[in-house]
Structures are given as structure tokens and as C-alpha cells.
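These are my notebook entries on a structure that I looked up. I began with one helix and then turned to the chain contact and the confidence scores.

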Amino acid sequence: MEDEGRIRIAADADLVLARQKGRRLAAAMGFSGTDATLIATAISELARNILAYAGVGEIELARIQENSRDGIVVVALDSGPGIADLEAAMQEGFSTAGGLGMGLPGARRLVDEFDIVSEVGKGTTVTLRKWRAFAA
Amino acid sequence: MPASILKQGAYLIASIQSALTDAEVIQLQDDLVEQVGKFRSRGVILDVSGLDVIDSFGSRTLHSIAVTTKLRGADSVIVGIRPDVAFAIVQLGLGLEGVHTALDLEEGLAFLNRMGEGGRRGG
């Protein structure tokens, strides 16, 4: 679908573009307006983390389909410094970039599935999925 | 810039027409705080109905605008938060504690007028 694909995140304006594309893709797939906003907000948090910690990275948007449902998958990947303490990073209020520390735990609450892989010195990949049941 | 600040009597009305970059949000905050002093404004209305996403940074900045304008002597009220955006703010685990909100511009003006009367009565 249109708006699927990768968006390079290297500046403020890319963040706006990424969430707009995510919203459009979600809407085109038939997600409700509220769900589309939740998805766009989650993308915003992940893209902001890329900017804050890695400086540059990518957001990948795609549609996934299973037997009785389809969903949107958002992958945020960077080759930044990585996260030494993932458990701490998922705690509310934990931040090493002067933020609120709400980014990752907040994004997790906005979606159905949340997966994070990070290696110090190699980078971080966060994968979000939000499902939509097919209408009967 | 997709945000504008209008002087309306003792109030400033800031409207965000479309999505803002982080830098533009910070610029709006700086402009508002400066203009509160320049125009000796007593109140600020921040209309965010043009924002389709308010994430943790956005929430924090709205809070920051409210507090800094208050420190400059102006009451502030945020109006026009969309229903789905309100839902996302709650889901994120954020609130806007300490920030006054109203449904729309009209309610925002009424709120500031009430605050003004209360302030005068209270001295």
C-alpha cells in the first residue's frame, strides 16, 4: 500500500512526516480515527527516541496479514549507542536524554505488541504491532 | 510557521494550524513568553485543534508553556484538544496536571474572563 516503506529519521521534520505516513496507512487499512492517532503517537515517540539517542535511523511501516486479522507493523531501527539497561529504559521516568522517560513505556501502551532488541555499540530495533479485526 | 499569535485586548490567542516540528513548538513557547511581557497580557489561549498528535514531548511543552506564562503573570488555557488526541494522552500515561483546559476558543475566553474577575476580587 501507499505509505508503506521506510522513512529516514534525521531531523525534526522527518518525525512529522513519519507520523503522517503512519496515520494515512492506518486510515487506508480501515483503522478507526482513534487507533490511527494512537499509532501516529507511538511512531512519534519512537522517532523522537531515534533523534535523541542515535541522531539518525529509520522508521519502517508495513501492513501484515494473518488469517482473521490484519495489522500495522512499525519498526524503528538505528545504529546508535544501544541501550545498556533495557529494563530501566522501559521504566516510566527513566531517561538519559533529559526527556520525561515516557517514550518507550508510553509507546508500548499505545499498541498491542511491543518488542525491543538492543545491543550496546550496535543499535536498537523496536517493533510495534497493532491489530485490526476484520469486519464480519 | 503553522502557528500564529493574535493580540486580543488583554489576551493573546495562539493558534496552531497544523502539525508542528519540535523546533516550531519551542519557538511558539518562546514567542508567547516574550509577547506576554511586550503586550502586558493577562491571559493566553493556546488553540491546539490543529494538532493531530500530542506525544510526551508535546504534553510536556504544553505544560511548560502554561507554567512559564503563569510565571510571567498571565493565566493560560489550552483549548481544542481533539477527542482522539485526548485518548492518546491518557493511554501514554500522561496528564496535563496544573494546566487549564477548555473545550474551544469561546469557552477559553469565558474561562480567562472568570479568572480575571476572581483575581480582581481576591486582590
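**Entry 1: burial in a helix.** I noted that the model is predicted. I looked up α2(B) and found S56(B), F57(B), G58(B), S59(B), L62(B), I65(B), A66(B) and T69(B) to be buried. Against what do the buried residues of α2(B) pack? Within chain B, I recorded α1 (22-38), β3, β4 (75-79) and α3 (83-92). From chain A, I recorded α2 and α4.

**Entry 2: length of the helix.** I checked the span of helix α2 of chain B, residues 56-71. Its 16 residues, at 1.5 Å a residue, should span 22 Å, and the end C-alpha atoms are 22 Å apart, so the two values agree. Just after α2(B), I noted a positive phi of about 95° at G73(B).

**Entry 3: the contact between chains.** I recorded 23 residues from chain A and 18 residues from chain B in the contact. On the side of chain A that touches chain B, the elements giving two or more residues are α1 (12-29), α2 (33-54) and α4 (103-110) of chain A. Which element gives the largest share of that side? I found that α2(A) does, with nine residues. By character, the residues of this side of chain A are eight nonpolar, eight polar and seven charged.

**Entry 4: confidence.** I noted an ipTM of 0.88 and a pTM of 0.91 for the model. The average pLDDT of chain B is 91, and 95% of the residues score at least 70. Where in chain B is confidence lowest? I found the lowest mean, 84, in helix α4 (residues 105-122) of chain B, whereas strand β3 (residues 43-47) of chain B has the highest, at 97.

Technical notes: Residues numbered from 1 in each chain as written. Chains lettered and ligands numbered in written order. Predicted model: local features only at pLDDT ≥ 70, side-chain atom pairs only at ≥ 80, totals over all residues. Contact = placed C-beta atoms within 7 Å. Helix = DSSP H or I, 4+ residues; strand = E, 2+ residues; numbered from the N terminus. Nonpolar A, V, L, I, M, F, W, Y, C, P; charged D, E, K, R; others polar. pLDDT = per-residue confidence, 0-100. Expected span 1.5 Å × (residues − 1). Buried ≥ 20, exposed ≤ 12 C-beta atoms within 10 Å, placed from the backbone.
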